[in-house]
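Me: I would like a close look at one part of this protein, followed outward through its side-chain contacts. Please take the sequence and model below as the starting point.

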Amino acid sequence: MKRTTISLIAVTTALAAVTGFASLTAPDGETTTEAAAPARLPVERSSLLCPAPSSSDLAETRYTSFTPVMKDGVNEDPKDGAAADEAAGAGADTAELRPSAATLAAPDAAPADKDGEAEKDEKDEKGTADEDGEAGKPASDKPLLALKEPGKPVSAEESGGQAPALVGTATGRLAPGWTAQQTTTVSAGSGRGLLGVSCTAPDTDFWFPGASLADKRQDYVHLTNPDDTAAVVDVELYGKDGALKSTVAEGIPVPGGAGLPVLLSTLTADPAEDVTVHVTTRTGRVGAVVRSAEEDSGSDWLAASADPAGTAVLPGIPADATSVQLVAFAPGDDDAELQVRLAGATGTITPAGAETLHVKSGMTASLDLKDVTRGEAGSLVLSPAEGRRATPVVAALRVVRGEGDKKEVAFIPAAAPVGQRATVADNRAKGSQLSLVAAGKAAEVKVTASAGTEGGTQVVKTYSVKAGTTLAVPAPVPAGLRGSYALTVETVSGGPVHASRSLEIAEDGIPMFTVQTLPDDRGMVAVPEAEQDLSVLDD
């Protein structure tokens with residue numbers, strides 16, 4: 001007999017990626033378990049979902065898609081040799097956004113506006129589901145937007161209120177860090193405003209503090225299903241006194257490949273000014289985002305808050321904000337006593353008269369911060385009040401710029417840190433501002449402004465952010481820019497950094513704006529790598 005040594009690196013990688021360790025059986029029957037040393041590798045597949053942008057005939061929507069070039073250029077196009085031949089033959093590098101199979105009316109309740117007429121999104125019923133909950137064939141086999149290579153964004157435009165939700169997948173070298181932005185301008189009407197949203201990855205759990213059932217508000221939660229089979233969704237609503245009663249918010253079917261907007265006020269008869277929306281799935285997964293329209297303050301998208309945590313950072317309150325309202329919710333069993341601080345250009349202060357916020361378990365709390373920034377852009381930092389333990393919360397800001405009939409609203413949810421890298425697409429030559437926050441330790445970040453959709457050369461800048469401050473700067477612009485471009489933020493050193501991008505497009509004296517946070521793009525995943533020698537007996 002002879003002993004043959006076999007290395008099992010590749011064999012155990014998949015198992016370790018799921019379980020965190022690899023279990024191997026030796027020839028004598030003994031099982032050994034070894035903690036695997038994680039290796040960070042690029043993801044090979046990403047999914048994004050964009051909601052139906054608007055019901056207004058005046059809507060002008062731009063979609064932008066982008067994948068950053070990874071560190072050391074590992075996802076750049078192979079230029080020559082066997083690697084290029086292999087990549088050309090594989091055909092695995094795709095990043096496409098396609099119209100969803102349908103955008104449907106909400107089940108059992110056609111949402112009505114104040115005149116008793118269903119909103120056009122639902123009235124038109126761009127598609128209908130069959131009895132099995134399937135939406136049918138996609139609206140188009142042709143992608144609306146197809147990315148060709150990392151580092152070069154692409155864009156497409158749609159006009160009117162018939163633009164559907166989009167479902168997208170990226171594979172191969174276009175998957176790591178893939179991002180898409182949907183920006184809609186509505187010049188007049190009840191949905192007037194600049195509505196911006198980063199298309200979301202499908203998930204099973206979303207929190208939206210900052211929604212409302214007020215008479216002056218029309219808030220819809222948009223649900224988009226990326227898969228072929230139906231998803232079943234529950235929507236829970238929480239007001240200042242706890243859960244709101246509903247008979248139709250549970251078990252909402254979202255057909256495969258379809259988008260479904262649901263007017264929140266049709267889910268309950270209970271009135272509530274400030275509401276936290278909790279979206280979960282019983283089966284399947286969805287993308288979820290809330291579209292809010294106010295009678296006198298315009299409209300915008302409310303993206304999901306970062307996962308519940310004992311601290312929260314809400315980055316990028318404009319310097320000229322005329323009204324800022326904090327909305328928070330404690331989903332656990334314990335109340336939260338939060339210290340409220342504003343991180344500005346030179347340091348962190350406690351707003352006078354708004355030092356703390358008490359959030360009861362299972363209830364939505366709000367705090368009027370008025371014009372808290374007073375001419376200096378800043379970010380809100382929430383942490384446990386002195387002597388109190390950390391209690392997980394979710395939070396968001398409703399921010400208003402302008403006054404009278406020239407007001408415009410936007411939302412800033414609590415953000416996850418930039419982490420290794422984060423990207424936001426559809427930046428313009430004018431009107432884009434970047435806010436970088438070091439709530440704890442000082443940090444250094446690298447910001448890359450990509451080439452433009454129609455031309456230009458990328459520009460790279462490095463910024464130092466002092467501890468406890470917000471650095472608000474005009475976004476760097478590519479040299480010779482034509483079209484729009486993407487911004488990629490990377491943490492170089494120091495503590496965690498939170499970031500947001502504000503885009504302003506003023507129209508008729510109205511400071512229309514939208515704010516998107518920049519969480520880690522999760523383009524790299526930790527894949528444990530295990531190696532063990534097995535003795536195999538040969539006759």
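Which strands form the open sheet, in what order do they lie, and in what sense do they pair?

Reply: This is a predicted model, in which local features need pLDDT of at least 70 and side-chain atom pairs count only at pLDDT 80 or more, while totals for chains, interfaces and linings use all residues. Residues are numbered from 1 along each chain as its sequence is written, and side-chain values use heavy atoms, with hydrogens and water left out.

The open sheet is formed by four strands in the order 5-11-7-9, and their pairing is antiparallel. Strands here are DSSP runs of E with at least two residues, numbered from the N terminus, and two of them pair if DSSP finds at least two bridges between them. At the edges lie strand 5 (45–50) and strand 9 (145–146), each of which pairs on one side only. Strand 9 is joined to strand 7 (residues 94–99) in the antiparallel sense over two bridges, and Glu-96 has Ala-146 in strand 9 as its bridge partner.

The edge strand 5 also leads to a disulfide, meaning a pair of cysteine sulfur atoms within 2.5 Å. One disulfide is counted by this rule, and it is formed by Cys-50 and Cys-199, whose sulfur atoms are 2.0 Å apart. Cys-50 lies in strand 5 and Cys-199 in the loop between strand 13 (193–198) and strand 14 (205–211), so the disulfide ties together parts that are 149 residues apart in sequence. The torsion about its S-S bond is about 105°, and the disulfide of Cys-50 and Cys-199 is therefore right-handed. Both cysteines, Cys-50 and Cys-199, are buried, where buried stands for under 20% relative accessible area, exposed for over 50% and partly exposed for values in between (1.4 Å probe, protein chains only).

Strand 14, which bounds that loop, brings in the aromatic side chains. Rings of Phe, Tyr and Trp (its six-membered ring) pair if their centres lie within 6.5 Å, with planes under 30 degrees apart counted as stacked, over 60 as edge-to-face and the rest as tilted. The whole structure holds four such aromatic pairs. In one of them, Trp-207 and Tyr-238 have ring centres 6.5 Å apart and planes at 35°, so this pair is tilted. It links Trp-207 in strand 14 with Tyr-238 in strand 16 (residues 231–239), 31 residues apart. Trp-207 counts as buried at 10% relative accessibility, and Tyr-238 is buried with a relative accessible area of 15%. Together with Phe-329, Trp-207 and Tyr-238 form one aromatic cluster.

The loop before strand 13 carries a charged contact. Side chains of opposite charge can pair when their charged atoms come close. A salt bridge is a side-chain nitrogen of Lys or Arg within 4 Å of a carboxyl oxygen of Asp or Glu, and a search of the whole structure finds 23 of them. Among them is the salt bridge of Arg-192 with Glu-408, in which the closest N and O atoms are 3.2 Å apart. Arg-192 lies in the loop between strand 12 (179–186) and strand 13, Glu-408 lies in strand 31 (residues 408–413), and the two are 216 residues apart. Arg-192 and Glu-408 are both buried.
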